Amino acid sequence: MQVKWLEGAPGVKSGVTFGLPWKQGVLTHLSHFRLNQYPVQSWPMAFWPDGSIKWTAHATVIDKTEEKEFNLIKDDTSVCEDGITISETDTEVMIDIGCLKYSLAKSGHYLIKRIVDRDGSLVARDGQVVAVMEEGQLEGGQRITTEQVLVGEISKLVIERKGPLQVTVKIKGVCGEQNECPFTIRLIFYYQLPQIKVIHTFFYNGNPDQHFIKGLGLELSTKLTGSPYNRHIRLATKSGIYNEPAQLLASRRFRQSDLYRKQIDGEIVQPTKETEAIFNQAKGQAVWQDFKFTQTSYQGGRFRKRTSSKQAWVDIPTINQTRGLLYVGGENGGISIGLKDFNEKYPSQLGVRGVAKDLTTLSIWFWSPDQEAMDLRHYSNETHVKSAYEGFDEMRATPVGIANTSEAYLTFFASHPSKTMLFDLAHDYQKPSLLISDPKYYYESGATGIWPLKEMSNPKIKYLEEQLDQLLLFYQREIEQRHWYGYWNYGDIMHTYDATRKQWFYDMGGYAWQNTELVPNLWLWYSFFRTGNPEIFRLIEAMTRHNSEVDRYHFGEYKGLGSRHNVSHWGCGCKEVRISMACLYKYYYYLTADERMLDLLDEVKDADQTLDQLDPMREHFPEEVGLTHARVGPDWVALSSNWMSRWERTGERVYLEKILTGLNTLKKMPHRLLTGPTYCYDTRTSELIPINNDEGSYHMVIAFGAPQVWLELADLLNDEAFKDMIAEFGQVYAMSEDEKLNFFNGQSKGDYFHWPMFASGLIAYAASRFDDQELGKQAWQLLLNESLSDIKLPVVIDQTNSWETLDEIPWVTTNTVSQWGLNVLMCLRFIPDQLDETFPSQ
């Protein structure tokens, strides 16, 4: 099998972990593999119903290379004779990666107690999580606060993944005596690679009116050698490496010497008889101990230094951009620290203290303590349901239980690294190396959802592909143009555009952040699979990180649920399982083997239990003793997605039975998937219990990923009756009013069938399954007729000159674009040949 780099070959030696799908029945058992000449550590991530492997993960270490493609080859002789070794005591875990030995604590403050090289010399020590908390109260209308530094306390250490080439250690802990700042840290190690990949997850468990997080960080100390003039700070800028020594060799007499030029170039220099005078005068120069770069906005930051904690900070002019890497080193090498999405997830910071001291401390700040504290209070003290499209008229705007995950890197050097190496490493920090397959392989595997291969030879289809590309391009550009950045915002996109103000409705209730509404995630995942476009991958990667962490609850009364779209990501009174459903996030796990994402998938396997505490239909139905409610979609669809994910990953039949319990009930209903759409639901038995109701609408059943979940599930189960039910849903949506009356035995359901464009993909599926040409034409008409789709074709990105020159699509809403994109993909998958012959190939 051939794989290739997502974004070109890395310029440095890299640890790479990637996932690949397999067609059912092809990989019956886990094999040994090699990647060209490189040994590979492999494990299964998911299974087909016949027991064959559906997704595998592979980890390897690849030297700096110019190779663009590799062959993953089954080779039972490819066994790692050497590799990472792990040993334990009651208090520590020791990990030997060949070039370095790490000692990790099982309790206390220091996650990383010490790092030593092969000779036993100290490389680093005292790695710990830190937080800065402002505690305050309102007095006279002003917030009066006190600030304290909180040091992380380890509560649990688990070796999560072990093997000869890659090891993952999961550490849980908390900052604060009242458990205000729980955290999970994952430390990922690769064989013979002197680097730690750090996955940091912060959970908010404070009182938003009292606990204001002022800083979140990770610190590590080291001992540098050499005189201050041979101790250097290096910052990766947008186009190169900026170097500053702790003490300049430039002086009043020797301002531009060759020696000074070598120093600024990063070379280690030593006194000679010829340069003795330069060194002697330089002894009087200031010694700069502390350096920090703080990202204050996406567009720039501030680089500063000082001589001691008692002296003022001095701005380093001109340097206001970084690629998220800072290096500190002496004559014996040094350490580089890096933070992925450093600019995008501001306010972030990289810093060093005590450059010329016996002990030098490096710090990665996920939230800089130099900036304003997090303010997680809601934007309003009341709901705005009728005026601003918010959900229930209930104030449930709490951040307690939300999370945020960041990726950081620590790289250790035994000698002075070159500028080129650091610059290439900075690129790898921002865009970690990943190997992917090609669209045809993803498609033929049957493991990546319902989408068509890209087709550009047919002029009509090419025209539609160009419209899809234009919409994708618009959102890629809009993220930068509208600065949808920041620690709590990056990854999400906005809901509805305000063509009058030339803004999105960022401040208007349910029209602000999207929060997965109408599943743009799936449109983006399928767009990546069918193109392999790295820009789409990075867009959906950021969205996946954000939606899976910030927009949902990981503990507390809403655990397993997410928040509907709002000005505050956690602001809406609607807390629903549709935001946290597994199908939105599982592809990121399968492509990267990210262990945090596995946590998140497992976290929702029993999300239905939370429905006992918060009935999603509480506004419309009285409380039922021992029961709650669930709609066929989005509730039961989301639960089925969660159960399907758990079943395919673990083989636990209890989760398959939960799906079958509900499905068997739906099969017995007089109108199958079109019965309801609301049922009573028993969280103890997973039963859907029919009730007489007229509450709900069928566009809500299908607009949140139901067609994609149903079709994937029907294929997994090989259930022809279920496939007929799915096709029937599309068929009925396309019926005339008289035909619907006949189908529902004289009962009028006309008000249930809003937004027929949302059903065009299911109508296409019905046309294909029932071989109905007229249905196919109707499906395409719903997508191509502007009055039915709300999509103006061709898609034109206008330029407007208002308060600023801006690109815009005046009519755009993410709901409509997401659903149009998904339904076009379904129609191209099932009925490409039925595209209306009169449709112009523009």
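The following exchange concerns the criteria behind several descriptions of this predicted model.

In this predicted model, local features need pLDDT of at least 70 and side-chain atom pairs count only at pLDDT 80 or more, while totals for chains, interfaces and linings use all residues. Residues are numbered from 1 along each chain as its sequence is written, and side-chain values use heavy atoms, with hydrogens and water left out.

Me: How do you know that the radius of gyration of the chain agrees with a compact globule?
Reply: The radius is taken over C-alpha atoms, and the globule rule is 2.2 Å times the number of residues to the power 0.38. For 842 residues a compact globule would have a value near 28 Å; the chain has 29 Å, and therefore agrees. The C-alpha trace spans about 105 × 75 × 60 Å along its principal axes.

Me: Why is Cys574 called buried?
Reply: Buried means under 20% relative accessible area (exposed is over 50%, partly exposed in between; 1.4 Å probe, protein chains only). Cys574 has 6%, so this residue is buried. Cys827, at 0%, also counts as buried. Of the 842 residues of the chain, 62% are in the buried class.

Me: What makes a bond between the sulfur of Cys827 and the closest cysteine sulfur impossible here?
Reply: A disulfide is a pair of cysteine sulfur atoms within 2.5 Å. The closest cysteine sulfur to that of Cys827 belongs to Cys583 and is 19 Å away, which means too far for a bond.

Me: How many disulfides does the structure hold?
Reply: The structure holds zero disulfides. Cys574 is in none, and the nearest cysteine sulfur, that of Cys572, is 4.4 Å away.
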